[in-house]
Amino acid sequence: MDQLAAHAGTINAQLARYGVKFGIYKNGQFKERLFPFDALPRVITAAEFDTLNRGLVQRVTALNLFLKDLYGDKKIIKDGVVPQDFAFAGTGYLPICDGVVPPKGIYSHISGIDLVQGKDGGWFVLEDNLRIPSGASYPLIARSLCRRCSPDTFRQNDVVDNRNYGALLRGVMDHVNTGGINVIFTPGRRNAAYFEHSYLAEQTGAVLAETGDLYVEDNTVFYRSASGPQRVGAIYRRISDEYLDPTAFLPESLIGIPGVMGVYRAGRVALINAPGNGAADDKGIYYFVPKMVEYYLGEQPILQNAPTYLPFYEKDRKYVLDNLEKLVVKDVAEAGGYGVVFGRDLSKQKLEDFKELVKREPRRFIAQEVIDFLDLPVMENGQQVMRKADLRAFVLAGETTQVWPSGLTRFSREADSFVVNSSQGGGFKDTWVLSH
Amino acid sequence: MGTVTLTKHNRLFWLGRYLERAYAGITATRPLFEADTDGREGDYADYCRKVGIPDTYENTADFVRRFYFDDNDPNSIASALGYAYDNAIVLRETLSTDTLAYVQMAISAMELAAASAAPGVELQWVLDDIMAFRGSCEETIEEESSRNIIKTGASLERVDLCLRLGAPESTCEKEFGRLFNRLYKTALQPDRDRLNLLVDAVLDKTAPTPDAAVMVQALEGLFPGM
C-alpha cells in the first residue's frame, strides 16, 4: 500500500493523461475538472465482501420485485406494507409505466447502492440509486492505471480483478436486448458524467449515441448510421426519465428520443434502467426496503438501513421535531448531496424555521441519525489524514444478479465533513476486494 | 463504415483539420519564434494577412505569446488544440481511450509550454503528441473510412495553408495528391464542381492555373455542411 502512495504522483499524471474528468456547472459556466484520486484504496476482505454480496443481491432482488409489483398487481400496497401515499406521491412514479413489463422483467439493471461502514465495522445502506447511478468507470480506469504504475503492489496483494465491468455490463445489455445493436444514449458532452458515458461505450463495444442519432419509425428504434438505419435492441440511457421522450414527458425536452416510450411499452426495445424506477429509490421509499425484503423474499434483511424516521408518521414526526439538532434531514426530491441539512449546523432560529417546514411538508423529508462512519486514510500533501468516506456498490441484474467486486469509494476532502459527492468537491478511491 | 453517424463524420473531419492547424501553425511560424528568441522583429503581420487572421498583435513577442498560448484568442494554436479536443472527446468509442489520450497530452504539453522558460522544448512535445495521435489512429480505428476522414481533414488544412502561404507548386501538388487519394477512401460527399476545379487545376497542365485565392475558396467549400 505504501508503494501505491509513493506512486500517487505518477497515477494522477496517468489519470490526467486519460482525461478522467467530471463536468460541473458553476455560475452558469460548464467546466471539466479532474476527479481527485487518492491512491490508498479501500480494502474489503473476502469475508466482508461475502456478506455485502449476499446483502446487496438480496436488496436489489427485492427492489426489482417491488417495481414489478408497483407497476403490476400492487399487492404490497393492498397488503398495507407500503402506504399508498408513499408509493404513488413521489415524482419518481410514472403512471405511463403502469402495466408495462420490461424485457426479461428486469427494472433495475444497474443499481448503485450507497453504503457507509460504522466504526464497529457494520455496514449501513444510506441510499439506493436505481435510475442512472454513475461512477463505476472511475475505479475501473483507476485500477488499470494503478496496476501499471505499481505492479508490485498487485503482485503482493490478492486483489480480485475488477476490470470485467465492461463485460458484465455488456452481458446485461445482451440479455435484455430485443434484437438490434446496443446503444449508450448520452445527453452530450456537457453532462457531468460524460467521461463515463463515452468510456463505457468503449468498454462494452456499444455505440455511443446522442440527440438526433436515434429515431423511431414503425414502432422500432433506429440508429442513424452513415451506412443506413440500424435497429436498436437495448438502450443504456444516461438521461433522466423526464427528458427521455418529449411525446410522453417534458414536451420541451430537446435531448430525448421522440416516441421511444411507445416502442418500450410494446416490448420492442429495452431501456436500461427502466423508466419509473424513481418510485423505488425515492428517499422516502428507502425506509420500506427492509420490509420489502421480508415481504417478497421471506428473509431477514442482511444489510441494515441507517436509522431513519419519516415525519409523515406522527410518531416519527414528533421524534424528529424533538431531536432535530442531532439528526440529518434529507429532501427526498434532491440528489448529489444537495438538500441535506445537518441539524447541528443550524442556528436556533433556522432550526425553528426548519421545524415549521417539516410540519408543513412532512412527506418531503426523511430524517436519519448521524452515523459516525469510519474514517479512511487519505494522502494530503504527503501526509496521511483521516476523512469520511462512503462506498457506492454496483449491482448488475441480467441473467443473474451479481455485485461488481469493487465499487466507487468517495471521500470528503474537508476534515469533519460528511459530504463526499464529487459535485461538492469530494475525491475518489479504488475499492479492493481481497480474494481471501 | 458501420456504426458511425454523419455527425461523427463531421467531427472526425474537424478533428483532423484542427490538429493539423496546430501542427502546421507551429511549424510555419517557427521563423517568427526564432526571431523572438533573437530579440528581432519578424513579419508576423504578413503571416496574419496570408492566413486570414486579424492582426491584433503589438509586436513579435506579443504574437508569439498570444498566437501560441492564449486560449482566449480564437486563432491561437492553444485554441486549435482546444477545438480538436472538443471534437475528439465525443469520439472516444471510435478513437479509443488510448488514442484520445494523445490529444489530451498535446494540450497538457501546450499548457506546460505556456508556463515554461524554454517553450520550444515543450512545443516539440506538442508536435510529437500529434504525430503519436496519427500513428495511434492507424492502429486503433477499425473503420478505414473513419481513419481517412481524419486524414482528409488534415490534408485539406495543409493544402489550404500551402496555398495561402504561397508554397512551391511542387509542394502544393504533392499535398493535393494526398488529399485526393484520401478523399476517395471516405464516404464524404464533396461538391463536384469545386472538386473538378481543383482536380483540373492540379492535373491539367494545359490549362492556366487558377489564382490561389480561387482554389482556397473551392477548398473551403469542398464539403458543404462541414
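## Chain A overall

The secondary structure of chain A comes to 15 helices and 21 strands. The radius of gyration of chain A is 22 Å, close to the 22 Å that the globule rule gives for 436 residues, so chain A is as compact as a globular protein of that length. Along the principal axes, the C-alpha atoms of chain A fill a box of roughly 60 × 55 × 45 Å. This is a predicted model. Its scores are ipTM 0.73 and pTM 0.86.

How much of chain A is buried? The share is 57% of its 436 residues. The accessible surface of chain A comes to about 17500 Å². Carbon and sulfur atoms account for 48% of that surface. Now take the contacts in chain A with a separation of 6 or more. Of these, 68% are between residues 24 or more positions apart.

## Helix H15 of chain A

Helix H15 of chain A covers residues 348-360. Its length can be checked with simple arithmetic. At 1.5 Å a residue, the 13 residues of H15(A) should span 18 Å. The end C-alpha atoms are 19 Å apart, which agrees.

Which residues of H15(A) are buried? They are A:Leu351, A:Phe354, A:Lys355, A:Leu357 and A:Val358. Seen down the helix axis, the buried residues of H15(A) fall within an arc of 160°, so they line one face of the helix. There is a general reason behind such patterns. An α-helix has 3.6 residues a turn, so residues three or four places apart point the same way. On the other side of H15(A), A:Gln349 and A:Arg360 are exposed.

## What H15 and H14 pack against

The buried residues of H15(A) pack against one helix and three strands of chain A: helix H14 (314-323), strand E14 (327-331), strand E15 (340-342) and strand E16 (365-369).

Look next at H14(A). Its buried residues are A:Asp316, A:Val320, A:Leu321 and A:Asn323. These pack against strand E13 (308-309), E14, H15 and E16 of chain A. Strands E14 and E16 therefore appear in the packing lists of H15(A) and of H14(A), given that contact means heavy atoms within 4.5 Å.

## A buried arginine

A:Arg392 is found in strand E18 of chain A, which runs over residues 383-397. Is this arginine buried or exposed? A:Arg392 has 9% relative accessibility, so it counts as buried. The cut-off for buried is under 20%.

What does A:Arg392 touch, leaving aside residues up to four places away in sequence? Its contacts include A:Gly112, A:Ile113 and A:Asp114. A:Asn129, A:Pro133 and A:Ser134 are also touched. So are A:Gly407, A:Leu408 and A:Arg410. A:Val100 lies 292 residues from A:Arg392 along the chain. The C-alpha atoms of A:Val100 and A:Arg392 are separated by 29 Å.

## Backbone details in chain A

A cis peptide bond joins A:Ile272 and A:Asn273, with omega about -10°. A:Asn273 is found in the loop between strand E11 (270-272) and helix H12 (278-281) of chain A.

A:Asn219 has a phi near 55°. That is a positive value in a residue other than glycine. A:Asn219 is found in the loop between strand E8 (214-217) and strand E9 (220-225) of chain A. With a relative accessible area of 37%, A:Asn219 is partly exposed.

## Chain B

How many helices and strands does chain B have? The count is 12 helices and zero strands. The radius of gyration of chain B is 18 Å, close to the 17 Å that the globule rule gives for 226 residues, so chain B is as compact as a globular protein of that length. The C-alpha atoms of chain B fill a box of roughly 50 × 45 × 25 Å, taken along the principal axes. The mean pLDDT of chain B is 92. In chain B, 98% of residues reach 70 or more.

Of the 226 residues of chain B, 53% count as buried. Chain B exposes about 10200 Å², and carbon and sulfur atoms supply 50% of this area. Among contacts in chain B between residues at least 6 apart in sequence, 63% join residues at least 24 apart.

## A serine between two helices

B:Ser96 sits in the loop between helix H6 (92-95) and helix H7 (97-114) of chain B. Its phi is near 90°, a positive value in a residue other than glycine. B:Ser96 counts as buried, at 13% relative accessibility.

How values were computed:
Residues numbered from 1 in each chain as written. Chains lettered and ligands numbered in written order. Predicted model: local features only at pLDDT ≥ 70, side-chain atom pairs only at ≥ 80, totals over all residues. Heavy atoms only, no water. Helix = DSSP H or I, 4+ residues; strand = E, 2+ residues; numbered from the N terminus. Expected span 1.5 Å × (residues − 1). Buried < 20%, exposed > 50% of the residue type's maximum accessible area, 1.4 Å probe, protein only. Arc of directions from axis to C-beta. pLDDT = per-residue confidence, 0-100. Rg over C-alpha atoms; globule rule 2.2 N^0.38 Å. Areas by Shrake-Rupley, 256 points an atom, 1.4 Å probe, with all protein chains shown as cover.
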